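Biologist: Please take a close look at one part of this model, the sheet that the two chains share. I would like a single connected account of how the sheet is put together and what surrounds it.

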Amino acid sequence: MTNHWNDIDNASLVFAYGANPAENHPACMAHINAARFGIKNARLIVVDPRLTRTARQCDPARGDMFVRIRPGTNVAFTNGLLNWIFNNIATYDATAAANMLGWHNGTTPASLSYARTFQDDAGSAASAFNLAKLASAKYDGVAAPALYAGYPKYCDSRFKVNATGDDYQRATLTIGANAGYLTDPVDRFPEFPVIAANVSDADSVYQKLVAHVAPYDTATVANICGCTEADIAAVAKALVDHSRFKSSDFTLGVVNPTDVAGAVATPQVSTYKATTILYAMGQTQHSNGSQNIKDLAILQTMMGNMGRPGGGINALRGIHNVQGSTDIGLLFDSIPGYSGNPGVGETYAHYSNTLFGNRVLSLNGSVAKDYTVQASLGLQQAGFQNMTQEWFGTGTVLRSEIDKLYDLWPKGNGVQHIQTFRYMAAGTSAANLISAAVIWGQNPAITEPNQSAVRIGLKNLDLMVVADMYETETAAVDRKDGAPTYLIPVCSHVEEAGSVTNSGRWLQWRERATRPKGNSKADLELLLRFAYALDKAGAFSHMTNVPFNGLATTPATAGVWSSLTPAIQGPAYKVLYGDKFGWTPTDTTAFEDLSTTTEMWPAGATAPVNKLVYGSEVVAEKVHIEICRPLNDTTTSGGTMWIYSGSGNAAGYYATVGQDVNPAGTGSAWLTKARAKSRNNSLKGAAGTLNANNYPRWGWAWLLNRRVFYNNSEVSMDQADVFVSPGAICCLFTESSAPDSGLADWSLLYRKYKTFADIPSVVPAGAGQNLASPHFLSATLSLAGRFPGHTEPVESPRDDLVATWGHNISATRNAAGTLTGTTPLYWTGANPTVPGVFADYPLVLTSIRCVEHFQGGPITRNNSWNVEAEPVPWVELNAADARAYGIADGDWVNIITARGDSQTSQEAISPNSALPGGAHWARGFKARVGVGLESNQRVGRGVVAIPWHWGDKGLGTGSRANDLCIDAWDANTMIPEYKACLCKIEKM
Amino acid sequence: MGQNDKDTGRFELSRRDFLKVGAAGAAAAGALNFAPAPALAEIKLKNGDVNVLRYHTTCPYCSASCGQVIAVGDVTGDVYDVYGDVDSPINNGGLCAKGAGAYQLVTNKRRLGAFAGTHPVNPVFAYDPAYDTTGVAYKRIGNGAWSKMALPTAMDEIATGLVAARLPVTPGSTALSNSRHVQFFGSSHMNNEQNYVYRRLIAEFGTSLTEHQARI
């Protein structure tokens, strides 16, 4: 989320687009209703294939709307909204139209503190783009009057796109007195984007976007989405009415939130307008999920809703700590803090250059930074260096020897989750056969798509380890003869301490309420025991190169650690875990008997007090401090995770630079060891300020306790602005296909934007910008998808639309960014996925959730209360389809897709008493069907919906949706296309 | 709610309470407010508990992170209740049908190794005081039956097996620094610190084969 749950109260329009919070995030629905039935009198618009519980709350008398669209058509609908707005805003609302243009033409304020700052070609100094300097700006030595009034303040809509459409137009920018740009590196910025005088310039990003969405007229979009043209216009009008451009606080001048100074309108007045977009799996679980989200970002940026209370694009995440586990990078292409894995053959310096921060490599003749000097590093770079020290050594390792520790990072990515099961079954060669798996708190034997392939993989593992609270479907999965499965009992959430990060980026602390029950243990104890056992078995010998037992008292004689000054003495467990986190399995004190006195926030207290705590409460705080202390902590190595730095110390990122934003809590008690423990809710955020409903002292929010991201030149730039780089602006046109060039290299807080990996399969005639193409600026083979274009799901019911718009496919590029090949977004190796076709499978299948059960169900399907409330899965079918198939409400039906038969055990193919007529579980999804009344259709015609919570273990059992769902994925996120595939229905 | 559930194994009373809360949740959707659960019934202390201690946590389900209060006996450490935290600005004391039932997640006799007595799924999963000191793990070969073993023994077997499967890794800039043979999954169900230790351990083990629920 760019904003957070409580901030939804500030919205004047809630646009639930591919999300069903009434069912899946009930606390969110409460905040939506707070906005609807309080001073905001907010409207609710729901766009979804289903008449969800959220959609049912829409009240037409209040201006609420529900629009039903076909699964997998989000980009078409969003582009349709943009197109309607571009074409009609002037006649619909002249004031809004004028404000929209004025806003996009706006410039940063004159004050130096708001000016944008870039690294110039001298490399050693940051140059602030204040008015005095910009007054003499030149592009390639020619006067650049477009910059005289200031740098664009909000987004890149005024930047110029080059002739081939693959990048901005670029020139060498010189500013200030240094007109001799050819020789003087000071205030010289090679490859800087050329900025137009205003967004009416035909080359501007703004006009390119206008041209890109031109084909998405209401008739075309209505045909793709299955909605009416009036629906599109009505939603677009609402977006205009509830944009920044219609808000009482709109001004073309600078807006200073009361964070800084001055009086501004509070969002808690009826005339303050902002639209929040709430999205979830309805946007992400598609083979073009990334493009769906990017389109939402574009829509909100165009309408000025980013960086505003009550605005933003807000992902309603699915699991209590999925934000945190993602932040921490438990992904095949990620390490903590949204850094990628160091690449094969990549040097430390080159890798560091790919992170936020100043350049450490010389580029275009500039002066390189010394990457061993911490003060030379940007935030993400400093965090990575600290992490390298802590993970593979200690804080005493000299930074001049960081290359040696860097050698210990595994180089290159792992394998994305869908493919891992194919690698378990066969690998793509003997060198990458996955033969063992550790599955900690996850249930892939329910949650992964195309279970037939998943289960072949799990069966073939030589060794499988499962850690969980219950015997899950994964723990009990069919295994090959002789292969061991270990199952380790883990405690519940109330029995273990630690922080969790919610969807709004708030870190909150979980207290250890009691010791783990019976023989179950805390994850932290189990993980430390696991690390100890791995060390004993020689897992870390590549660091020490000396056996575990031999290193107990003597220095390493070989290996990386022995080459350091001074050498690190093992054993590895002691160095990496025992000394840092304070417990070793051989200690006489049991883990749960560890104790210490530390800052806690007891019930009813108004400030933290010192309290005696035990077990995981002791260890979790030590780990938290390693992660979150200041990046330049000089007493030891600094915080390892740059985005969380600041929770662990009052001083924030840098001990010498206060970054304690949201000072509404000034003077209040504020924890120093773990701000996540903070429980001061009296500081709601003053009603008359933009802090309203921010609760700045409840928990801690990354980055820097900034509760609303993307402030867009409205507050003085600080590190939180990295999320609007390059140049601290929102980018509509974000990708550079040339990996080692681009504006980002020249921003103080630079970041190289990853080129999206997907392109539409339909290539327009001719290269470059082809205005006649439906994929203008999105599909030429040499280009990445600049702006999102509609593509059909891998299994589509509309062959006519596939011919015009294509599917999404994956593109591979060489180092220069040139396209070298394309692949489908599904497995084509051994045991390939073969998409079904409309002729065989004439219905669209989408997977859904209910409030009583949770995800793959291993928790809730073991609780009798949940099982009693929702005992078995069901099928949702449209009444018209039911009539056509002769199916009545309550009938048993079987849903079948092109996926294979996942259940081959004797149990699965034997008649089951829970099913009618001696049927068995194997092949398909068997359940009773809900048809509903003509006026009350859950799903549209041609669509079938099934819940995905069920499986064959636990108190409540039933058909697995993922036997049916297609294992196709989004090329950027690798999220499966759970929301759209083809199926057929049979009456049992 | 629910204090009879643990001893009797029946859930009539607590179930009614639960359904009331569920109805309040449903009403919250209909009546358009997310009202706090009914006032907590007085807790009847048992088994020598003198006081009820109250701790804070967040709900283990969706990413709203609603505040929860855990009522715990001071002597036994038994959990008497898990209910909505009225101090939390996120939920103001309210919980949905799942969150309101979180008490049963904690006290569920189907949990592995947690509670003494007859385990409803498999006798091997009942709490066994013989493993108080060492901890316990369960193991099966192929599709055979689960058996109990001491946790350190299991950890050693697992570690030996994983190191053998991994094959040697060689520090440096080549692909040899990254083993392609052992996959790690999980978990959005763990706290940040636990995930951090896990991710650290995976990198030190010498692989980037890690995935979890974020892609699901």
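Modeller: Two strands count as paired if DSSP finds at least two bridges between them. The model is predicted, and the strand pairs below are read from it on that basis.

The sheet is open and has 7 strands, in the order E5(B)-E4(B)-E14(A)-E13(A)-E12(A)-E6(B)-E7(B), with mixed pairing. Strands E5 (147–150) and E7 (210–211) of chain B stand at its edges; each has a single partner strand, so one side of each is left without a neighbour in the sheet.

Take the E5(B) end to begin with. E5(B) is joined to E4(B) by 4 bridges, and the two run antiparallel. One partnership between them is that of B:Ala137 with B:Met149. E4(B) and E5(B) form a hairpin with 5 residues between them, and in the turn B:Gly142 has a positive phi of about 55 degrees.

The next step along the order crosses from chain B to chain A. Strand E4 of chain B, residues 136–141, pairs with strand E14 of chain A, residues 484–489, in the antiparallel sense and over 4 bridges. Here A:Thr485 has B:Arg140 as its bridge partner in E4(B).

After E14(A) the order continues through E13(A) to E12(A), and then returns to chain B at E6(B). At this second crossing, strand E12 of chain A (residues 436–440) and strand E6 of chain B (residues 182–185) run parallel and are joined by 4 bridges. In E6(B), B:Val182 is the bridge partner of A:Ala436, and B:Phe184 is that of A:Val438. E7(B) then ends the order.

The sheet can be set against the wider contact between the chains. In total, 142 residues of chain A are in contact with 119 residues of chain B. The largest share of the chain A side comes from a helix, H19 (residues 523–536), with 9 residues. By class, that side of chain A has 71 nonpolar, 49 polar and 22 charged residues.

As for chain B itself, its secondary structure comes to 5 helices and 7 strands. Along the sequence these follow the pattern α-α-β-β-β-α-β-β-α-β-α-β. Chain B has 216 residues, of which 59% count as buried. Among its contacts between residues at least 6 apart in sequence, 43% join residues at least 24 apart.

Notes. Residues are numbered from 1 along each chain as its sequence is written. Chains are lettered from A and ligands numbered from 1 in the order in which they are written. This is a predicted model: local features need pLDDT of at least 70, side-chain atom pairs count only at pLDDT 80 or more; totals for chains, interfaces and linings use all residues. Two residues are in contact if their C-beta atoms, placed from the backbone, lie within 7 Å. Ala, Val, Leu, Ile, Met, Phe, Trp, Tyr, Cys and Pro count as nonpolar, Asp, Glu, Lys and Arg as charged, and the others, Gly among them, as polar. A residue is buried if 20 or more other C-beta atoms lie within 10 Å of its own, exposed if 12 or fewer, and partly exposed in between; C-beta atoms are placed from the backbone.
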